[in-house]
Amino acid sequence: MRSPDKYELVSELARRRGFFWPACEIYGGVSGFIAFGQLGTVLKRKIEDKFRERFLRRLGLYEIESPIILPGRVFEASGHVENFKEPMVECTRCKRKFRADHLLQESAGISSTEAEKMTLEEIGEAMESRGVKCPECGGDLAEPRYFLTMFQTTIGPYAEAVGYGRPEAAQGIFVEFRRLYEQARERLPMGVAQIGHALRNEISPRQGPIRLREFTIIDLEFFFDPEKPGCPLLGEVENEVLRLIPAEVRLKGSEEPIEITVKEALEKGYIKMEWLAFFMALAKRFLVELGVPEDKQRFIEKLAWERAHYSAQGFDQEVYLDRWGWTEVSGHNYRTDFDLKSHMEESGVDMRVFKEEGRVVERVETSVKPKMDVIGRDFRGDAPKVARLISKTSPEELEKSLEERGFYTLEGYKILPSHVEIVRKKRVERGRRFVPHVIEPSFGSDRLVYVVLEYAYTKKGSRTILKIPRDLAPIEVAVLPLVSRDGLPEKAREVHSTLISEGFLAEYDESGSIGRRYARFDEVGTPICITVDYQTLEDETVTLRDRDTWEQVRTEIGRLPQLLREYFRWEREFKDLGTPYRKP
RNA sequence: GCGGUCGUAGUCUAGCCUGGUCUAGGACGUCAGCCUGCCACGCUGAGGACCCGGGUUCAAAUCCCGGCGACCGCACCA
């Protein structure tokens, strides 16, 4: 018999202990949607908080929250309406649906790159001319139609107001760029993140939390001046070793990662932008802190035809999973100015920023100033109108006409040199306007939850221990009376409520034997169990038990809050939480 | 979407082929009580399931059809 793989073990535990499970089970479940339980929700939040700590707080970047549903034009501009779809074709007889491009590939021998480039009409024509029939019943196929993988809806009661559920949180940032830039006091580089739900109507989602129709995306859009692409923080990561599979290596047919420092990867041109490399290095460290060893991570460069429509260079950060092998946990794309430019064109709003610069360009500007005293005398009541017309006219044209012909005609009014004064002003341009470029690291937080659980899942004999990194544990400490009598429960409740008011995620449990309770808390990854025993009643000390080694130390109750705080910040190790304790 | 396998308490499973004896059995977990002096102790008790819908039949967990879902393979994953 096949032994269950880690996915099976982890999802069984996740369901049983309240991390996550398929949503809507009472109605049979819907694939592509999951619910997070009490432990999963806290774990997920702690993972996202770690992202906030590592990518936002430390770098001084911002987080925003914008709508999940956005008007159709946003996604027309972003290119999603155009690109986020697959050609489908229906059999007129048996009503089965197929991927039109795949049918073509299979039955007409057209390569996938070729098929991908074809328009809907071309696919339809090709299918007809080659006589492609339904592979199931041999019936005639209807005209191919696109299946949009965005969720479409209507906004308000008017059916014309089409809206879409966002397939990424990024557009919410681009759309608000002008205000965000202003609020960042017009400084570049600037990074804005958004952690929120995104929707993709996947054709066939599988794999539990790995591929969902509704999921939480962590998008960070980092804006910078394309003429100043250097990353001043590079020094912090330049010696970080990345396991990289560059496109050129893949094209030679190899998927063997090369181990290379960030610095070298930039020098050799594998990674084109410093900021891209910088965030990849942070992403690697982030995953290490989530419990994934370096050799279980790699970055694989996307080939030109695999990349999203907005991407000029892209790497997927992959983590090795027991069941699915190398699995994407984050994407790192150089989006250039694609998105801001597209929104600029669609909306007509200028998305450019202005930057002052060292080089100064001088230009002489000519303007025409109406002489109101003369105009008033000559035109009387029409004077204001004439003045307005003059200031709207091109100064160059007016000046030229006055020089060559001695007058200029404006809607029937004859303008003479005496009516105007030609003013020449030197204009100094101190900068330039440009559309910022964007580097985007993007994580799927549901996948990260799963990854943390899979890497934390360990067995000790028949017992399961979730070795979740201590700062991510959904229950941080458990307070347990050794036995449930003789005043021990009362004392333990006291310790518990102290820890609660000190801000710890603490649980109290007195049911069953002490060993059973230790086992229960091991299984949900609680790093420390505090046991109140008879000695506690005499000298106000308790034992602390380490989840991973089962070792114990003894400490005074009064020192717990401070010691534990240091422990959870990784400033103190378990053995330094007290004096070694051996059971009597 | 396609093909294959499958769907019984919180979890794992017996029963299904050969319809009735199933008021659906067990183990673990959960809850209550007793017990309990450091790693799932023991005892007593409680609660908890045939995926949904149709059909065949005197009778369906069991046979048939459809749906939904899960897993594996193919495809997809911007």
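Tutor: A residue is buried under 20% relative accessible area, exposed over 50%, and partly exposed in between. The model here is predicted.

Student: Why is Glu346 called partly exposed?

Tutor: Glu346 has a relative accessible area of 31%. Partly exposed is the class between 20% and 50%, so Glu346 belongs there.

Student: What makes the pair of Arg73 and Glu346 a salt bridge?

Tutor: The closest N and O atoms of Arg73 and Glu346 are 2.9 Å apart. The cut-off for a side-chain nitrogen of Lys or Arg and a carboxyl oxygen of Asp or Glu is within 4 Å, so the pair qualifies. Arg73 lies in helix 3 (residues 72–78) and Glu346 in helix 13 (residues 338–347), so the salt bridge ties together parts that are 273 residues apart in sequence. Arg73, at 48% relative accessible area, is partly exposed.

Student: How do you know that Arg298 and Glu255 meet in a salt bridge?

Tutor: Their N to O distance is 4.0 Å, and the rule asks for within 4 Å. The pair is therefore counted as a salt bridge. Arg298 is in strand 14 (residues 297–301), while Glu255 is in the loop between helix 10 (247–251) and strand 13 (258–261), 43 residues apart.

Student: Which class does Arg298 fall in, buried or exposed?

Tutor: Arg298 is at 8% relative accessibility. That value is under 20%, so Arg298 counts as buried. Its partner Glu255, at 41%, counts as partly exposed.

Student: What joins Asp471 and Lys50?

Tutor: Their side chains meet in a salt bridge, with 2.9 Å from N to O. Asp471 lies in the loop between strand 23 and strand 24 and Lys50 in helix 2 (residues 38–57), so this pair ties together parts 421 residues apart in sequence. Lys50 has a relative accessible area of 10%, and since the limit for buried is under 20%, Lys50 is buried.

Student: Which residues are linked with Lys50 and Asp471 in a network of salt bridges?

Tutor: The network also holds Glu53, Arg54, Arg57, Arg58 and Glu289. By the same rule, the count for the model comes to 46 salt bridges.

Student: What makes the link between Arg470 and Glu573 a polar contact?

Tutor: The two side chains are joined at 3.0 Å. A polar contact needs N or O atoms within 3.5 Å, so the distance passes. Arg470 sits in the loop between strand 23 (463–466) and strand 24 (477–481). With a relative accessible area of 8%, Arg470 is buried.

Student: Why does Glu128 count as exposed?

Tutor: Glu128 is at 61% relative accessibility. Exposed means over 50%, so the label follows. Glu128 lies in helix 7 (residues 120–129).

Student: What do Glu121, Glu122, Glu125, Glu128 and Glu143 gather in?

Tutor: They gather in a patch of negative charge on the surface. Glu counts as negative, and therefore the patch has that sign. Patch members also need over 30% relative accessible area; the 61% of Glu128 is over that limit.

Student: Which residues form a nonpolar patch on the surface?

Tutor: Ile68, Ile69 and Ile155 form it, with about 230 Å² of accessible area together. Ile69 is in strand 4 (residues 69–71). At 44% relative accessibility, Ile69 counts as partly exposed, and 44% is over the 30% asked of a patch member.

Student: What is notable about phi of Glu186?

Tutor: Phi of Glu186 is near 55°, a positive value in a residue other than glycine. Glu186 is in the loop between helix 9 and strand 10, and its relative accessible area of 44% makes it partly exposed. That loop, between helix 9 (177–183) and strand 10 (190–199), also holds Pro189. Pro189 is joined to Leu188 by a cis peptide bond, with omega about -5°.

Student: Where is Trp550 found?

Tutor: Trp550 is in the loop between strand 27 (541–546) and strand 28 (552–556). Its phi is near 65°, again a positive value in a residue other than glycine. At 32% relative accessible area, between 20% and 50%, Trp550 is partly exposed.

Conventions:
Residues are numbered from 1 along each chain as its sequence is written. Chains are lettered from A and ligands numbered from 1 in the order in which they are written. This is a predicted model: local features need pLDDT of at least 70, side-chain atom pairs count only at pLDDT 80 or more; totals for chains, interfaces and linings use all residues. Side-chain values use heavy atoms; hydrogens and water are left out. Patches are made of residues with over 30% relative accessible area and no salt bridge: like charges are joined within 9 Å, nonpolar side chains (Val, Leu, Ile, Met, Phe, Trp, Tyr) within 5 Å. Accessible areas come from the Shrake-Rupley method with a 1.4 Å probe; for residues, only the protein chains shown count as cover. The place of a charge is taken as NZ of Lys, CZ of Arg, CG of Asp or CD of Glu. Helices (H or I, at least four residues) and strands (E, at least two) are DSSP runs, numbered from the N terminus. Buried means under 20% relative accessible area, exposed over 50%, partly exposed in between (1.4 Å probe, protein chains only). A polar contact is a pair of N or O atoms within 3.5 Å; within protein, one must be able to donate a hydrogen and the other to accept it, and residues adjacent in sequence count only if both atoms are side-chain atoms.
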